[in-house]
Amino acid sequence: MGVVVIDGSTVRSFVDDEEQFKKSVDERFTALDLNKDGVLSRSELRKAFESMRLLESHFGVDVVTPPEELTKLYDSIFEKFDTDQSGSVDLEEFRSEMKKIVLAIADGLGSCPITMVLDDDEDNFLKKAADLEASKFEKASS
């Protein structure tokens, strides 16, 4: 268990480090591509969002959302990612949308720091952003 403090500049620096950001996004894409066909299907992307429970809780409290409403929400997310309307999300589409999402998080945080408690083995973009910033401080102090 670890504690990290981040703000918008931490997250933006992570996105600006194109090599690290691309590597992180590509790893997430590969993990989500369950059948290893090089694209994400509607069900693969839905499973990813279901596992994060973003749409099924409100500040950590479970909320009951009718299944048909959840389906509409997940379908709209998929359509946002599937920019060429091919019926699947390729790596470039995924990279582009993830960049928009992470930059929106950075904008939302602004200069207000937040404290997050994360499992050491937790693998998410905000933790990676904090780890990247910490590594820069370590290099600067060496």
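**A tour from helix α1 outward**

Helices α1 and α5 cross in a left-handed sense. The model on screen is a predicted one, and the tour starts at this crossing.

**Stop 1: α1 and α5.** Select residues 8–16 for α1 and residues 91–109 for α5. The two axes lie 7 Å apart, and the packing angle is about 155°. Angles over 145 degrees count as roughly antiparallel, so α1 is roughly antiparallel to α5. Now show the side chains on both sides of the contact. From α1, pick G8, V11, R12 and V15; their partners in α5 are K99, V102, L103, A106, D107 and L109. By residue type, this contact with α5 holds six nonpolar residues, three charged and one polar.

**Stop 2: α1 and α6.** Keep α1 on display and add α6, residues 125–141. Here the axes of α1 and α6 approach within 9 Å, crossing at roughly 90°. How are α1 and α6 oriented to each other? An angle from 65 to 115 degrees counts as roughly perpendicular, and α1 and α6 are therefore roughly perpendicular. On the α1 side, select T10, V11, S13 and F14. On the α6 side, select F125, L126, K128, A129, A130, L132, E133 and K136. The contact of α1 with α6 is made up of seven nonpolar, three charged and two polar residues.

**Stop 3: V11.** Centre the view on V11, which takes part in the contact of α1 with α5 and also in that of α1 with α6. Leaving aside residues up to four places away in sequence, V11 touches I6, V102, A106, L109, L126 and A129.

**Stop 4: the nonpolar core.** V11 is also among the residues with the most contacts inside the largest nonpolar core, together with I6, L40, L45, F81, V89 and F94. Colour these seven residues apart from the rest; the core itself has 31 residues. Which elements each supply at least two residues of this core? They are the strands β1 (2–6) and β4 (114–118) and the helices α1, α2 (18–32), α3 (42–52), α4 (67–81), α5 and α6. Helix α5 gives the largest share, six residues.

**Stop 5: E79.** Go to helix α4 and select E79. Is E79 buried or exposed? Its relative accessibility is 52%, so E79 counts as exposed. Add R42, which is 37 residues away along the chain. A line drawn between the C-alpha atoms of E79 and R42 spans 8.9 Å.

**Stop 6: two loop residues.** Move to the loop between α2 and α3 and select K36. K36 is not a glycine, yet its phi is positive, near 55°. With a relative accessible area of 55%, K36 is exposed. Then find Q85 in the loop between α4 and α5. Q85 likewise has a positive phi, about 55°, without being a glycine. Q85 counts as exposed, at 72% relative accessibility.

**Last stop: the whole chain.** Zoom out and colour by secondary structure. There are six helices and four strands, arranged along the sequence as β-α-α-α-β-β-α-α-β-α. The chain has 142 residues, of which 34% count as buried. Take the contacts between residues at least 6 apart in sequence: 66% of them join residues at least 24 apart.

Notes. Residues numbered from 1 in each chain as written. Predicted model: local features only at pLDDT ≥ 70, side-chain atom pairs only at ≥ 80, totals over all residues. Heavy atoms only, no water. Axes fitted to C-alpha atoms, helices over the stretch in contact; angles between N-to-C directions. Parallel < 35°, antiparallel > 145°, perpendicular 65-115°, else oblique. Left-handed = near helix turned anticlockwise from the far one by under 90°. Contact = heavy atoms within 4.5 Å. Nonpolar A, V, L, I, M, F, W, Y, C, P; charged D, E, K, R; others polar. Core = buried A, V, L, I, M, F, W, Y, C linked by side-chain atoms within 4.5 Å. Buried < 20%, exposed > 50% of the residue type's maximum accessible area, 1.4 Å probe, protein only.
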